[in-house]
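Work through these exercises with the structure open beside you. Each task is followed by a solution in steps.

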Amino acid sequence: PSRNILYIPKTHFKFEINLSKKQIYIYNTLSEKLMKPSKILEYQKKSKLNIFIEWHNGSTGEYHYFNIINLVSNKSESIINISELESLKIESSFNEKNVVAKNINNDKLKNIIIYSPLKLLMKRFTIMGNYNKHVLYLGSYPTTEFVEQCNIKYTINCTGRSNKNVDYKKLGCQEILFDCASWKYGSDKWPKKMQKLDTLINTINGHLTKGKLNI
């Protein structure tokens, strides 16, 4: 979804993640007004509660975790530009490689992680590996959000029918059609079938030298 409302239990925090405006807002649930950064810092010190925002880096495929205090400390209002997360303009507290490190497992602090909207989206896709320095995904029909957030440059559509729900040209992604059913059950003999499959595999390998690909 382009807009997510998240209420943090046992706090007065409400997060609105607006992907269309590429901003995150932090509200006070009692007043429904944007929280002052100083109030967030005051609450954190009093409650010893750390709140981290998880964000997916489309370039590396890693998830990074940002303490909201670091994101709003120099702002007059609690509005976070998503571009700051994507570009790592503000240094993340840690990434997924050390997510179970002492930053999270600290007995003196209570921690809450707001998971990236992409994590729910990614349940439909499997990372098959990194080939020629680019990620290969296997999944269902890609969505606009998936192509955009994961920076997909090529998609192999095995149904033989174009995905009309995504404007690939606008997103800078090339759709390649391959009719898997016709390939399997068609009248071609196996040598010709394998030749077609070899051609597709070579195409996939070639595209993975240029960008990320989804099948």
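A charge sits over a ring if NZ of Lys or CZ of Arg is within 6 Å of the ring centre and within 35 degrees of the ring normal. Keep in mind that this model is predicted.

**Exercise 1. Charges over rings**

Task: Find which lysine lies over the face of Trp190, and which lies over the face of Tyr27.

Solution:
- Start at Trp190. Lys193 lies over its face, at 5.7 Å from the ring centre.
- Trp190 is exposed, with a relative accessible area of 52%.
- Now go to Tyr27. Lys14 lies over the face of this ring, 5.1 Å from the centre.

**Exercise 2. Aromatic pairs**

Task: Classify the pair Phe125 and Phe146, then the pair Trp183 and Trp190, as stacked or edge-to-face.

Solution:
- A pair of aromatic rings is described by the distance of the centres and the angle of the planes.
- The structure holds 5 aromatic pairs.
- Take Phe125 and Phe146. Their ring centres are 3.7 Å apart and their planes stand at 0°, so this pair is stacked.
- The pair links distant parts of the chain: Phe125 belongs to strand β9 (residues 125-131) and Phe146 to helix α5 (residues 144-149), 21 residues apart.
- Check burial, with the cut-off under 20% relative accessible area. Phe125 has 6% relative accessibility, so it counts as buried. Phe146 has 0%, so it is buried too.
- Turn to Trp183 and Trp190. The centres are 6.0 Å apart and the planes make 85°, an edge-to-face pair.
- Trp183 counts as buried at 16% relative accessibility, whereas Trp190 is exposed.
- Last, look for a cluster. Phe125, Tyr137 and Phe146 form one.

**Exercise 3. The faces of α1**

Task: Sort residues of α1 into buried and exposed, and decide where the buried ones fall around the axis.

Solution:
- Residues three or four places apart in an α-helix point the same way, because there are 3.6 residues a turn.
- List the buried residues of α1: Pro37, Ile40, Gln44 and Ser47.
- Look down the axis of α1. These buried residues fall within an arc of 105°, so they line one face of the helix.
- Go to the other side of α1. Ser38, Lys45 and Lys46 are exposed there.

**Exercise 4. The cavity**

Task: Describe the largest cavity by its volume and its lining.

Solution:
- Count first. The structure holds 1 cavity of 30 Å³ or more.
- Its space is about 40 Å³.
- The lining is made by Phe13, Ile40, Tyr43, Gln44, Leu49, Asn50, Ile51, Asn67 and Ile68.
- Assign elements. α1 (37-47) and β4 (49-56) are those that give two or more residues to this lining.
- Sort by chemistry. The lining has 6 nonpolar residues, 3 polar and no charged.
- Link back to α1: Ile40 and Gln44 are buried residues of that helix, and both line the cavity.

**Exercise 5. Positive phi**

Task: Place Glu32, Lys48 and Lys133 along the chain and give the phi of each.

Solution:
- Most residues other than glycine have a negative phi.
- Glu32 has a positive phi, near 60°. Glu32 lies in the loop between β3 (23-28) and α1. At 43% relative accessibility, Glu32 counts as partly exposed.
- Lys48 follows α1, with a positive phi near 55°.
- Lys133 is not a glycine either, yet its phi is positive, about 70°. Its place is the loop between β9 and β10 (134-139). Lys133 is exposed, with a relative accessible area of 79%.

Technical notes
Residues are numbered from 1 along each chain as its sequence is written. This is a predicted model: local features need pLDDT of at least 70, side-chain atom pairs count only at pLDDT 80 or more; totals for chains, interfaces and linings use all residues. Side-chain values use heavy atoms; hydrogens and water are left out. On a 1 Å grid over the protein atoms alone, a cavity is a set of points where a 1.4 Å probe fits but cannot get out, and a pocket is an open set with protein on both sides within 12 Å along at least five of seven lines; lining residues have an atom within 4 Å of a point. Grid points are joined across faces, edges and corners, and a volume is the space filled by probe spheres set on the points. Helices (H or I, at least four residues) and strands (E, at least two) are DSSP runs, numbered from the N terminus. Ala, Val, Leu, Ile, Met, Phe, Trp, Tyr, Cys and Pro count as nonpolar, Asp, Glu, Lys and Arg as charged, and the others, Gly among them, as polar. Rings of Phe, Tyr and Trp (its six-membered ring) pair if their centres lie within 6.5 Å; planes under 30 degrees apart count as stacked, over 60 as edge-to-face and the rest as tilted. Buried means under 20% relative accessible area, exposed over 50%, partly exposed in between (1.4 Å probe, protein chains only). The arc is that of the directions from the helix axis to the C-beta atoms.
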